[in-house]
Structure formats: structure tokens, C-alpha cells
Amino acid sequence: MATGSDDFDDVPESLDRVESAGIAAVVESLRDAVDTRLAYPRRFRATQLKALERMLDAHEAEFVAALYTDLGKSPVEAKLTELDLVRAEIDHAQLYLSEWMEAKSVKVPLALQPAAAKVQAQPLGLVLIIGPWNYPLQLILAPLVAALAAGNAVVLKPSELAPATSALLAKLVPQFLDRRAVAVIEGGASASSVLLEQKFDHIFYTGGERVGRIVALAAAAQLTPVTLELGGKSPAVVMDGSHVAVARRLAYGKFMNAGQTCVAPDYVLAVGKAAELLEVQLAKAIGGFYGKNPLRSKDYGRIVNLDHFQRLRSYLDQGTVVIGGGFDEDELKIEPTVMIDVDPDSPLMREEIFGPILPIVKVESFDAAVRFINSRPHPLAAYLFSENPRLQSAFEDQVRAGAIVHNAPNMHLAVPGLPFGGVGASGMGAYHGRHGFERFSQLRPVFSKTAVIDTLRAVYPPYTWAKNKIIGKLL
């Protein structure tokens, strides 16, 4: 997520004591569900996952309409990148829930025998999930799937910058999920601030680095663990720009959702002559996707609001536009744009773009590209376009990022078994599939040993010469 893209951006609206008390009361009521272990049984978890699936199926058209209202998403893109990804997480969790919940035996050293040890996945308790505006359905419901599978009670805080989706979630979630275990709190910065004053057992936040710091600071005051899914400038290294598939995948990964995707390629490092070749192929790819006038394409979304539009518009003056560059302020749309001759130290290259502008920077070699990436904060993802196994291996070894992906930007999010998360400034903690289940669980050790026969006498004081020898051999 881009800095300045989430709740807390605006001056907090007033929130009277009644509303504040109401939020606190909701949180407290869900704490009762934790105390009574309401969400703990496997049957309850499975029932909630099935109910969430029914909600998406029964109201798919309404969710698609809300996403169009908030972000201008086409029905196909909304279904593919929002609803279907959540469905995939639900299906995966339903398939493996029993296996995830089963205690795992651990081998006990001979010196401690006879004994047994195991690891149990225990619910953390009450968790807060704060969602972003760019994928306002997927990025709040996917963590919800993990939290429910792990047996937690959950407070959802959708982004007020996607009001249609937020309102629909607030309406439908109580109709399908157990109100004793799941609640939706709407509102802006003040509502978020009140929520952060409450005591949770885990806070899961998706958004920008600036607000991530606020969330982490508030959580630290109560020693509450956090998961921060942030963002950063995800680079794409292109070794050969002549292949049409490279341009198509770059254009698709970059310009879906009008570039407002946390793992979208933020800039391209083109090696050698790849830059000139890539410009030609990108023009063809963009034209093939969105036609001669992308601003009127039904498959191309819009910028979330005027502030973000104006921020993106200012970037167009920080280099040479070679593709696109047109915009419509009334419709909050900017054409898919490719730029060259950009200053590596300009805001365009220092700030996460989070919009449909793709700078291309020429570099002399693969090694130069790696040095460029490693001189900057660790990104959420790093992409290499190359069929060379040696270069792929070197990229994996030398680049630090939340994910390493070869030849297919953004696609790793669609694999439930892969962890999704950042490193350093791009975030902490990961989820999806089992990784999400464990993110919202305490992996608790259990050790059992009989007291009928005391086999630990060899380690009790007094420590004689003989005991010292025995202990050394046992351990």
C-alpha cells in the first residue's frame, strides 16, 4: 500500500462519547466469546467459513457493484482479484482445517524419556483486522478466513475510502456470520483510533508504512502483537524486452486496478537494449488490453480520490512520457503511462507510486540492477524477467524482498500455500493458507512426563563428579 493511502490520513472527524463507548462495548462483547471459547470448536470454525462462502455467492452482484462504485473495477476484474481469491482461501482452509488443528507430536530426547511432547495450535483470542481501500473486499476477508479458521473472535474495520464496500460488509457480515464472534466497525480515523485503544490479542493491518507505524506504536503500548502488510517499490528487472509475453505480463501486473496494487511492479530496470524494445512491446500490450482510449475502457479502473489523482498527476512531470500520459480529472482517471529519463532520486523513484505510471530505468547489467534494488528499502516483491536459471538463482540469493517471482508479477498471491508478507519496511508477518492459520494461532508446546518413576534424579543436586559425567553423556 502507498503511504497516505489509508485511514488516519485526514484530520480525524469528531467521535462523541456515545459512539466511542459503543465501539468499546462491541469489543467487550466479543471478548465474552473468547472467554467462553465460542469460536474454538472445529464445527463452529467450519460453519463460519461455509457461511462466509454463502455470503459471497449470494451477494456477488452487490459486491461487484460496490467495487465498481468505489474504484471503477470491471466486473471481471472485481470477481477475479477480489471474490475469487477469497473463495480460494476459504476452499483451502476448509480442505485442511482438521489437519491444521491436529496437535503435532515432537520427538523427546532420550535423556528425558519416558515422556511425550506436542505442539497445539491455540486461538490467539480477539483480533482486529484493519483493511485497506485498494482491494477493500479481498484484503479484509482473506485475513478473516485465517482468523476464523484459527478459532478467533474478530473485529473488522473496513476502509472508509471504499464506502460502498464498507457499507455492504457492515450490512451482510452480521447476517451470515455469528454476531457473538464477528463484528464490523465502520468509520474513519477516529473510529480506528478508538479501536486501537482497546485491548486485542492481535492486530492485523494492511496499508501504508506511515500508518503502520501508528498501529505498531499503539499495539506496543499494550504489548499486542501485530502483522503489518505494507508495500514499497517492487522492482521488475527485464533482461530482454523483445518478448510480447514480458510486456503483457508487466502491463497486466502494473495496470490492473489502475496501478493501485501493493505488489504491482513499481518500476522497471531494463538491462542493455531491453528498454527500447520494451517500450515498443508495452505500447502494443496496453493498446491490446484497453484500446486506443483507455480512459473510456470499461476494463480500466479509476483513482480512488482527488488527492491521490493529484499526487499521481504531479509524477508525470518528473520524466519523459513515452506511452500514455493522458488524464481526466473529472473521472479520476490516468492513462496507463510509461516514462523514461527519470531521476533515481526524484519522488517518482523514491515514493511508492501506487498508480498507473511505470518508469523504465536503463541499467548496464544484471549486477547493476541488483545493486540498485539493494540500495533501497526491501520491497514487498521483486520480479525478474529471464529464462536463465543461473540468473534466477542469483536473483533469489542476492535480493531481499517479501517475495521473489520470475516472469509473472502478482501471480504468487493466487497460491494459497505460499506465505504473503513483507520484510523490513514492506511489512512483518505473513499469511495465506496454513501460514495465515498459524499467524492467528499460538503454537503452544505441551510436555508430559510421569511422576511415578523419577528418572530425573541424575540431574538433581548435589552435583557430584559421577552426576557430572552422567549429565554430560545424557545431554
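## Strand S15 and its neighbours

Let's start in the middle of a sheet: Tyr-383 has a bridge partner in S16, and that partner is Val-405. This is a predicted model, so take the picture in that spirit. S15 and S16 run parallel and are joined by 3 bridges. To get from S15 to S16, the chain passes through helix H14 (residues 389-398), making a right-handed β-α-β crossover.

S15 also pairs with strand S8 (residues 235-238), again in parallel and again through 3 bridges. Here Val-237 is the residue standing opposite Leu-384 of S15.

## Two covered faces

Are the faces of strand S15 buried or exposed? Both are covered: Ala-382 and Leu-384 are buried on one side, while Tyr-383 and Phe-385 are buried on the other. That split fits a general pattern. In a regular strand, side chains alternate between the two faces of the sheet.

## The largest nonpolar core

Which residues have the most contacts inside the largest nonpolar core? They are Leu-141 and Leu-282, in a core of 146 residues. Helix H5 (residues 138-149) gives the most to this core, contributing 10 residues.

Leu-282 is a good place to zoom in. Leaving aside residues up to four places away in sequence, Leu-282 touches Ala-247, Leu-250 and Ala-251. Its other contacts, counted in that way, are Ile-323, Val-338, Leu-358 and Ile-360.

## Two residues with positive phi

Now for a couple of backbone oddities in loops. Arg-37 is not a glycine, yet its phi is positive, near 55°. You'll find Arg-37 in the loop between helix H1 (17-35) and helix H2 (42-58). Arg-37 counts as partly exposed because its relative accessibility is 47%, which lies between the 20% and 50% cut-offs.

Asn-410 is another non-glycine residue with a positive phi, of about 75°. Its loop runs between strand S16 (404-406) and strand S17 (420-421). With a relative accessibility of 7%, which is under the 20% cut-off, Asn-410 counts as buried.

## Two cis peptide bonds

Where does the loop with Pro-114 lie? It sits between strand S1 (104-106) and strand S2 (116-123). The peptide bond leading from Gln-113 to Pro-114 is cis, with omega near -5°.

Further along, Pro-461 and Pro-462 are joined by a cis peptide bond, with omega at about 0°. Pro-462 belongs to the loop between strand S20 (441-448) and helix H16 (465-474).

Note on methods. Residues are numbered from 1 along each chain as its sequence is written. This is a predicted model: local features need pLDDT of at least 70, side-chain atom pairs count only at pLDDT 80 or more; totals for chains, interfaces and linings use all residues. Side-chain values use heavy atoms; hydrogens and water are left out. Helices (H or I, at least four residues) and strands (E, at least two) are DSSP runs, numbered from the N terminus. Buried means under 20% relative accessible area, exposed over 50%, partly exposed in between (1.4 Å probe, protein chains only). A nonpolar core is a set of buried Ala, Val, Leu, Ile, Met, Phe, Trp, Tyr and Cys residues joined through side-chain atoms within 4.5 Å. Contact means heavy atoms within 4.5 Å. Two strands pair if DSSP finds at least two bridges between them. A crossover is right-handed if, with the strands pointing away from the viewer, the path from the first strand over the helix to the second runs clockwise.
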